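Work through these exercises with the model open. Each task is followed by its solution.

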Amino acid sequence: MTDRMFHLLERFQMLDAQLRRAQGSTRRNLLEIMKLERRKLRIRARLARLFVPPTAFVSL
């Protein structure tokens, strides 16, 4: 695992914790929840791109 992957995973976990706190709060801020969800999805997409194994090139 590269440093970049590790830092993205850390940020993802941090956002997940913030999102759970915001959703469980008695005074929910829907705009803040939407922003956190969007940031979390962006990081998830970055991680997905980094974890995809490289494809083998076949020369004919």
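**Exercise 1.** List the residues through which α1 meets α2 in this predicted model, then sort them by character.

*Solution.* Start on the α1 side. R4, M5, L8, L9, R11, F12, L15, D16, Q18, L19, A22 and Q23 make the contact. Now turn to α2. The partners there are I33, L36, E37, R39, K40, I43, R44, R46, L47, L50 and F51. Sort the residues of this contact: 13 are nonpolar, 2 polar and 8 charged.

**Exercise 2.** Describe how the axes of α1 and α2 are arranged.

*Solution.* Fix the elements: α1 covers residues 3-24, and α2 covers residues 30-51. Next, take the distance. The two axes come within 9 Å. Then take the angle. They cross at roughly 155 degrees. Angles over 145 degrees count as roughly antiparallel, so α1 is roughly antiparallel to α2. Last, the hand: the crossing of α1 and α2 is left-handed.

**Exercise 3.** Decide whether the protein is as spread out as a compact globule or more so.

*Solution.* Count the elements. The protein has 2 helices and 0 strands. Compare the radius of gyration with the rule. The value is 16 Å, while the globule rule gives 10 Å for 60 residues. The radius is well over the rule, so the protein is more spread out than a compact globule. Add the box: along the principal axes, the C-alpha atoms fill roughly 60 × 20 × 10 Å.

**Exercise 4.** What percentage of the 60 residues counts as buried, and what percentage of contacts between residues at least 6 apart joins residues at least 24 apart?

*Solution.* Burial comes to 18% of the 60 residues. For contacts between residues at least 6 apart in sequence, 65% join residues at least 24 apart.

Key: Residues numbered from 1 in each chain as written. Predicted model: local features only at pLDDT ≥ 70, side-chain atom pairs only at ≥ 80, totals over all residues. Heavy atoms only, no water. Axes fitted to C-alpha atoms, helices over the stretch in contact; angles between N-to-C directions. Helix = DSSP H or I, 4+ residues; strand = E, 2+ residues; numbered from the N terminus. Parallel < 35°, antiparallel > 145°, perpendicular 65-115°, else oblique. Left-handed = near helix turned anticlockwise from the far one by under 90°. Contact = heavy atoms within 4.5 Å. Nonpolar A, V, L, I, M, F, W, Y, C, P; charged D, E, K, R; others polar. Rg over C-alpha atoms; globule rule 2.2 N^0.38 Å. Buried < 20%, exposed > 50% of the residue type's maximum accessible area, 1.4 Å probe, protein only.
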